[in-house]
Amino acid sequence: MLTQIINGRILTPQGWLKDGSIILRDEKILEVTNCDLAIIGANIIDARGMYIVPGGIEMHVHGGGGRDFQEGLEDAFKIATESHLLHGTTSLYATLSSSTVPMIMAAAEVCEKIMEEDPKTPLLGMHLEGHYLNTKKAGAQQPGWLKDPDPNEYIPILENAKCLKRWDAAPELPGATQFGKFCRAKGVLPSIAHTEANYEDVYAAFQAGFTHVTHFYNAMPGFHNKREYKYEGTVESVYLIDDMTIECVADGIHVPPTILRMAYKIKGVERMALVTDALAVAASDCQTAFDPRVIIENGVCKLSDRSALAGSIATMDRLIRTAVKQAEIPLCDACRMVSETPARIMGVLDRKGTLERNKDADILILDDDLDVRAIWQMGRMIKNEINMN
């Protein structure tokens, strides 16, 4: 069956295409054209002049709809995934905060089962945020579970958890360089997180394969003093390495909008992704966090003692609105940073992340207020509110 979306402003890799159309067949994009003449026999969707952009790819999300991926249960995975899908996340990597090995393997088993049974699932794999993190920058991680990289532990996990696509660590920990190299050898992206790394640590990690940085600015130092002398932090070290990519939690709270705009100006759209770092309370009416240490206050999750932020309640649509309306980032670049850039970082740009012929039909329609009015995921219409006032 053919679907044709007409009369919209289409974001293509070459820029905005006005008054064009997108033709879908099954789960793929058949054509993106500057002609919006209706095709006989096609299901016609009139975008009414709205923005047509690629579906969001979420690199860092812990849960949603009241459920957490750390539960390691099939219904938790499905509910969290579907909850974010309704807000424009057409692909995601399920994130586990620091966990025990049995918890990791249980979640991986569920993830692989879902991916095997449903080739069209939004679930693209799993992301481990920890547990090889610096205890001094633990944030909301369970401090008792943090440790140095242990090859007796991570080698079997990487050998057996085929759905694992990314694993975060603090590069200054003993054994972190070897850990990063082994991750790369297994096709897993090692990412810098929860760290006190200086420039030498960051550069050595980059050489070992740590080409990405988790929730940039959060749980890492910037420029600072030690007594009377001044030192670069992890932040400045990352800025100095041109090819290192970053992700920022664009909820307007984890990173102030001014800093979000500065990171965008320095790193650029092709090396900066936007993420939610959302917890189970996101995309839900739930007011109780999965982690009993966490409270929800002023639109964000915090540890109850208010010593650290613990994650967000953001969804994909909020990332775009924050970037555009608060950080003053152009809409085209904000949309690219939630689609094309994550796809490039995670190695799926060949099939996702842009609106092009033969790519997966993951598509959003945004109105002038940047609210999501329609969603297609692998050609499946999830939402259509275009004709609603």
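The following questions and answers walk through a predicted model of a protein, from its overall build to three of its residues.

Colleague: How many helices and strands are there in the protein?
Modeller: In this predicted model, the chain has been assigned both kinds of element, and the helix α7, covering residues 257–267, is one of the helices. The full count for the protein is 10 helices and 23 strands.

Colleague: What is the radius of gyration of the protein, and what does the globule rule give for 389 residues?
Modeller: For 389 residues the globule rule gives 21 Å, and the value for the protein is close to that, so the protein is as compact as a globular protein of that length. Along the principal axes, its C-alpha atoms fill a box of roughly 70 × 45 × 40 Å. The radius of gyration is 20 Å, against 21 Å from the rule.

Colleague: What percentage of the 389 residues in the protein is buried?
Modeller: A residue counts as buried when its relative accessible area is under 20%, and the protein as a whole still exposes about 15800 Å², of which carbon and sulfur atoms supply 49%. Buried residues make up a share of 56%.

Colleague: Is Asp 362 buried or exposed?
Modeller: Asp 362 is found in the loop between α10 (340–346) and β21 (363–366), where it touches residues including Val 53, Thr 90 and Trp 376. Because its relative accessibility is 6%, and the cut-off is under 20%, Asp 362 counts as buried.

Colleague: Which side chain is joined to that of Asp 362 by a polar contact of 2.8 Å?
Modeller: Among the residues that Asp 362 touches are Lys 352, Leu 355 and Gln 377. The polar contact of 2.8 Å runs between side chains, and the partner of Asp 362 in it is Lys 352.

Colleague: Which side chain shares a polar contact of 3.2 Å with His 215?
Modeller: His 215 has its place in the loop between β13 (212–213) and β14 (224–226), and at 4% relative accessibility it counts as buried. The residues it touches include His 60, Glu 129, His 194 and Asp 277. Of these, the one whose side chain makes the polar contact of 3.2 Å with that of His 215 is His 194.

Colleague: How far is the C-alpha atom of Ile 259 from that of Glu 82?
Modeller: Ile 259 lies in helix α7 and is partly exposed, with a relative accessible area of 23%. Ile 259 and Glu 82 are 177 residues apart along the chain, and their C-alpha atoms are separated by 31 Å.

Definitions and conventions
Residues are numbered from 1 along each chain as its sequence is written. This is a predicted model: local features need pLDDT of at least 70, side-chain atom pairs count only at pLDDT 80 or more; totals for chains, interfaces and linings use all residues. Side-chain values use heavy atoms; hydrogens and water are left out. Helices (H or I, at least four residues) and strands (E, at least two) are DSSP runs, numbered from the N terminus. Buried means under 20% relative accessible area, exposed over 50%, partly exposed in between (1.4 Å probe, protein chains only). A polar contact is a pair of N or O atoms within 3.5 Å; within protein, one must be able to donate a hydrogen and the other to accept it, and residues adjacent in sequence count only if both atoms are side-chain atoms. Contact means heavy atoms within 4.5 Å. The radius of gyration is taken over C-alpha atoms; the globule rule is 2.2 Å times the number of residues to the power 0.38. Accessible areas come from the Shrake-Rupley method with a 1.4 Å probe; for residues, only the protein chains shown count as cover. Lists of a residue's contacts leave out its neighbours within four places in sequence.
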